[in-house]
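Work through the salt bridges of the structure below. Each exercise is followed by its solution.

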Amino acid sequence: MEMVFVDEKGHKIGAVVKHGEFEKRKDQLKEGCTYIMQNFEVEANSGEYKVSKHPFQLIFMKGTTVRECNLSQIPERVYKFTSFEDILSGKAPPDVLVDVIGQFVEIKRERVRSTSKKMVNVLLKDNRGITLSVTLWDTYADQLLSFLDNNEAGLIIVILTLAKIRDTKGQYPISIQNSKYGSKLLINEDSEEINRYKSSLESLLICDSLSQGISQVPSYSQTSTGEWFFTNTQVMSLKEINKLDMETYCVTVAKIDKFLVANGWSYDACMYCTKGGDPKETPYLCPGCKKTISETVARFRLEVQVSQGSEVAKFVLWDDVCVQLLNVTAAKLMQLMIDKEELDPMVVPVTIDSILGRTLAFNIKVQPKYKRSSVTKVSEDAVIMESIINKLAVDEVAITINSDNGKSVLNEDDYFDSLCMSATADYDPDSLGNQTPAKRLSSEEQFDDQHNQHLTTCQLSTTKMRKNIKTE
């Protein structure tokens, strides 16, 4: 039997009751109670997974004395939260169990092997916009699903304690999962930590920008080291990327040349996560966040052509990336279009043109099957871009970092005076065999992505058919 002790200063240490002492101690020690204990054996903290960073752990012996008493100075709960950045960058030791706190975004995968064997993979986001994949097993999966089934939609804050860090495996990046018995899962509990975290998110208006899409967009901070950007990736040029024949995570630097708007620039999605949805089918149960959705919201899905010297490639920019670059949500732009009675999904608001010509560092998931790559992160940090460029072969790429890269600012007064299809936008000949309008995505476009695995069921963010634009 393993446990964690905490003292009045909040310091933690692991303790072990070995087999010979188990029967004597199993009813003597209760979670949440305070004790005065003496006569432990002290051993090096050298297990496969450690409950704390303390160099030693306590071992119960035959002579160990335990006396329960009320010690109010010892806190009932102590959390030592590990940042998502430290987990993803590898700074957090993988052999030490971690506590994390974050905002529930969506369910990415769900699997049921039997009535007692379940797995749910969810996405959490911290208050800096960094996302982390979390796998919950069995009773922990049941706890989350039960909460989602029995509670109204809204901001959901999750604490998971004593979680294991799982290293990257194949196409799957670093993630965490619950310990089999020791973890605690707290969901929207009325605790100081969760209430404080909610307040921090509400002050950034993250809740409003995600659920309603029409509020101020939160800023995304970046560390000067840029370690978070390179986690579990390799630096590759577009030439190397275009030769890949299997899904790969990598980083590169490229310039955005033009839009490929065969499928528009946005799609209808759940109000609380990024799963696609059909507004004609509301209300419906979202497969991502398990909430009943009364209406959908527009989110970005923008295909672009990027270049690196003479080499070009197709990237897909999803909602979180576009919001970061444009500093405005798709729902805000869509509402402005509706207000101006412009309902054509093929009309690209000129605000989006600010993306064109920008040289960015891209963290991407290469998907050769679909002849394009899905962008998971972007950065305009000069240190990050120079670091990538320095690792690229000199004869393969020549890139200039523009000093005037910048975010657009939405000006509603003159925004629609020049609302039109971007002059540099184009149809993607590999996406469509002809120019026949179609509301739904073609089968070639319905590819898997870590941001939206259910985009195949959604429509463009309007009910009007697309224009047939003459190109030269």
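This is a predicted model, in which local features need pLDDT of at least 70, side-chain atom pairs count only at pLDDT 80 or more, and totals for chains, interfaces and linings use all residues. Residues are numbered from 1 along each chain as its sequence is written, and side-chain values use heavy atoms, with hydrogens and water left out.

**Exercise 1.** Find how many salt bridges the structure holds.

Solution. Apply the criterion: a side-chain nitrogen of Lys or Arg within 4 Å of a carboxyl oxygen of Asp or Glu. The count is 15.

**Exercise 2.** Place the bridge between Arg 128 and Glu 85.

Solution. Start with the distance: 2.6 Å, N to O. Next, locate the partners, with helices (H or I, at least four residues) and strands (E, at least two) taken as DSSP runs numbered from the N terminus. Arg 128 sits in the loop between β8 (117–125) and β9 (131–137), and Glu 85 in helix α2 (residues 84–89), so the bridge ties together parts 43 residues apart in sequence. Last, check burial (buried is under 20% relative accessible area, exposed over 50%, partly exposed in between; 1.4 Å probe, protein chains only). Arg 128 is partly exposed at 24%. Glu 85 is buried at 11%.

**Exercise 3.** Decide whether Lys 275 is buried or exposed, and do likewise for its partner Glu 106.

Solution. The two side chains meet in a salt bridge at 3.5 Å, N to O. Lys 275 lies in the loop between β15 (266–269) and β16 (284–285), Glu 106 in strand β7 (residues 98–114), so parts 169 residues apart in sequence are tied together. Lys 275 is buried, at 1% relative accessible area. Glu 106 is buried too, at 1%.

**Exercise 4.** Which residues are linked with Glu 303 in a network of salt bridges?

Solution. Arg 301 and Arg 372 join Glu 303 in the network.
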